[in-house]
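Reader: Please take one part of this model and go through it closely, strand by strand and contact by contact where that helps. I would like one connected account rather than a list.

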Amino acid sequence: MCESDEGSEFAYIMKLIEKGKVTIKNIERELICPACKELFTHPLILPCQHSICHKCVKEILFFTLEDSFTDLGSESSNQSSPRIRIHSPSLDRIDRVNRSGWKRNSLTPRTTIFPCPGCRHDVDLGERGINGLFRNFTLETIVERYRQAARAATAIMCDVCKPPPQESTKSCMDCSASYCNECFKIHHPWGTVKAQHEYVGPTTNFRPKILMCPEHEMERVNMYCEICRRPVCHLCKLGGSHANHRVTTMSTAYKTLKEKLSKDIEYLISKESQVKGQISELGLLMKETECNGERAKEEASNNFDKLFDVLEERRSAALRAIEASKNLRLEKLQTQIEEYQGLLENSGLVGYAQEVLKETDQSCFVQTAKQLHVRIQKATESLKSFRPAAQTSFEDYVIDITKQEEVLGDLSFYSSGLDVPEINEEKSRMYNNALICWEHLVKEDSADTYILEYRKLNREEENATWQEIEACSKSKVISDLENNSSYAFRVRGYKGSICSPWSREVILHTPAAPVFSFLFDDKCGYNSERLMLNPRRTSVESRAGFPLLLGAERIQVGCYTTLDYIIGDTGITKGKHFWAFHVESYSYLVKVGVASNTKLKEWLHNPRDVTSPRYEQDSGHDSGSEDTCFDSSQPFTLITLGMNKFFIPKAPTAPKDSANRILPMPSCIGICLDCDRGKVGFYDADHMKCLYERQVDCSGTMYPAFALMGSAGIHLEEAITAKYLEYRDDM
């Protein structure tokens, strides 16, 4: 952009200022650096189009971040640089800059990530870093004009005068210096080249006549990249970073942008009355907000006063009850003391009895002594079994405020407009880690953040403390949960200072053992003609295929199909383990369980004739019936699933009616193998309820075993297939 064009642009802006359309005072906030909060000094234009002082960029990149690397706990990075007033970079931002930022002595060019203080986003400065940024000369000139307007009484002194310097009258843009009249004549004599220098009024802002390319320092910019929105030179377009970008000539870009800016300014000026009206409306809204705020404070104060009154009333009643009980007990104890004092010699009852003994008239003595003797006997019995007349403990007068403390702790602003989130039990998962998902049933995205609370439920501690986690999405992963335990969960939404009521508490159960991770084995015994694995080996489906149809042609009575086995790729030799999976509802027949390596070799390496009517497929052993071996400890256990049913194996003591052994098939089935105790259990994994358990011989290496017949499908849970048991946040 040539100097004359820029000068005309400045003149256009200054005309608006002189006409009062735009005042210097009103644009002050546009001239403040977002980093140092002072007027811009040599501002640079970032790729995000925000401007920042050149010195601030250097300090943020090289000083603040390096201090944060060397001592994250110290505050020296801010104290040593009084200009910078931004917050210290966060650990994750420092990590990103450390991984992708500029490093000294690096042979490989790397981009520089810069945290923009204006938009608070990380921007890529490219391989050249600061050297690839343009100075915002337009903004720099406006700042200088603002400075001159703000310090009109302060003169700019001559740079070459001998002390004391005189007030300058001109500034030479070529010499980048200010002169008084005498010094200007001396240093710019007529007839010399310097006489042709451009001079303006006194200023401290000297900028070059020609804007040079920061990437090719000897080339002037003459084009404008519409993709990157920045001036470029012809070398940038020919073979530089803008080779494939759409560019236009500088004059075209200047005319286009100036026309757009002029139209926008004219539009804003034409809407001045509308803006003033909106400003007045905003002023009224401010007053209304202030009144409503004071009213809300007064109502909140009144509500707390009511609570204080209730507490004070209950406090007074409790103190009165304690005081009355104390006085009654003291009175009883005092009476007992007086009675015992009467048992002492020459006092009370004993003294009276001694006087009665002095009576010589028999009839009178008998008349008095009878009643006295009864009293003496009672006093004697009380001595033998001493018991205080009142208790000293006030355990019955201890006030339990646990529930009240919890209620008062939850005291906050409620709004009928904020929807209560509800925990989705179907999407939530409980394994070594818990994935808790929730949703809004009425209004979507009605909250900005959420607080998820959970606590372990046990009999020893009925009122366990709630632990809370903040979440910005509608799901959260909770780690380090105990096995075979129940946890209660609840969630509430927050929008600013307004929060929703707590959701309904949901109780979920962790598995009986740590999660065992494995994938389906695509090598050992896997029949690719009849089974189909997905690429991740997390699900398997059975398909009949042509071999079964060709086999059916050779028989006239019927076709006897076989079970197709598939196992996990990891074996178990000790410990307690749990895994879970889904069986498709359309599945005709599926067997699931565990089997030893020796039994698997017998199953997988002894092929059967699929059309032989003499062979009847069973659950894995050759006896023909699973039930005949129920009492013996065998190296495998398989249960039958199919047609949306869960079949419990028949025990010797079980009723003959098979209907009692058929349950609805759970949506998620779990298996728990305890090698140390030699037991295997089958669970409804959604509710962690054990449906069936039996002994199993674990002397060999045990493998998760699956068998499919006809149309069927099995899908492993994601927590089972993930080697590190991590959930994705986008589940």
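**A hairpin and its surroundings**

Author: Strand 27 and strand 28 form a hairpin in which two residues lie between the strands, and Met 643 in the turn has a positive phi of about 55 degrees. This is a predicted model, and the description that follows should be read as such. Within the hairpin, strand 27 and strand 28 (residues 645-647) run antiparallel and are joined by three bridges; Thr 640, for instance, stands opposite Phe 647 in strand 28. Strand 27 also has a partner in strand 26 (residues 589-596), again running antiparallel, and here six bridges join the two. Among these pairings, Gly 593 has Leu 638 in strand 27 as its bridge partner.

The burial of strand 27 deserves attention alongside its pairing. Strand 27 spans residues 636-642, and seven of its seven residues are buried. In a regular strand the side chains alternate between the two faces of the sheet. In strand 27, Phe 636, Leu 638, Thr 640 and Gly 642 point one way, whereas Thr 637, Ile 639 and Leu 641 point the other way, and all of them are buried. Leu 638 and Thr 640, the residues already met as the partner of Gly 593 and as the residue opposite Phe 647, thus belong to one and the same of these two sets.

For a second view of strand pairing, one can turn to an open sheet of three strands, which has the order 2-1-5 and antiparallel pairing. Strand 2 (51-53) and strand 5 (134-135) stand at its edges, each with a single partner strand, so one side of each is left without a neighbour in the sheet. Strand 1 (residues 43-45) pairs with strand 5 in the antiparallel sense over two bridges, and Ile 45 stands opposite Phe 134 in strand 5.

Helix packing can be followed in a similar way. In helix 10 (residues 348-357), Leu 349, Gly 351, Ala 353 and Val 356 are buried, and the buried residues of this helix pack against helix 11 (362-384). The axes of helix 10 and helix 11 come within 11 Å and cross at roughly 150 degrees; angles over 145 degrees count as roughly antiparallel, and the two helices are therefore roughly antiparallel to each other. Their crossing is left-handed. On the side of helix 10, the contact involves Leu 349, Tyr 352, Ala 353, Val 356 and Leu 357, which meet Phe 365, Thr 368, Leu 372, Arg 375, Ile 376 and Ala 379 in helix 11. The residues of this contact divide into nine nonpolar, one polar and one charged.

Note on methods: Residues are numbered from 1 along each chain as its sequence is written. This is a predicted model: local features need pLDDT of at least 70, side-chain atom pairs count only at pLDDT 80 or more; totals for chains, interfaces and linings use all residues. Side-chain values use heavy atoms; hydrogens and water are left out. Two strands pair if DSSP finds at least two bridges between them. Helices (H or I, at least four residues) and strands (E, at least two) are DSSP runs, numbered from the N terminus. Buried means under 20% relative accessible area, exposed over 50%, partly exposed in between (1.4 Å probe, protein chains only). Contact means heavy atoms within 4.5 Å. Axes are lines fitted to C-alpha atoms, for helices over the stretch in contact, and angles run from 0 to 180 degrees between N-to-C directions. Angles under 35 degrees count as roughly parallel, over 145 as roughly antiparallel, 65 to 115 as roughly perpendicular and the rest as oblique. A crossing is left-handed if the near helix is turned anticlockwise from the far one by less than a right angle, and right-handed if clockwise. Ala, Val, Leu, Ile, Met, Phe, Trp, Tyr, Cys and Pro count as nonpolar, Asp, Glu, Lys and Arg as charged, and the others, Gly among them, as polar.
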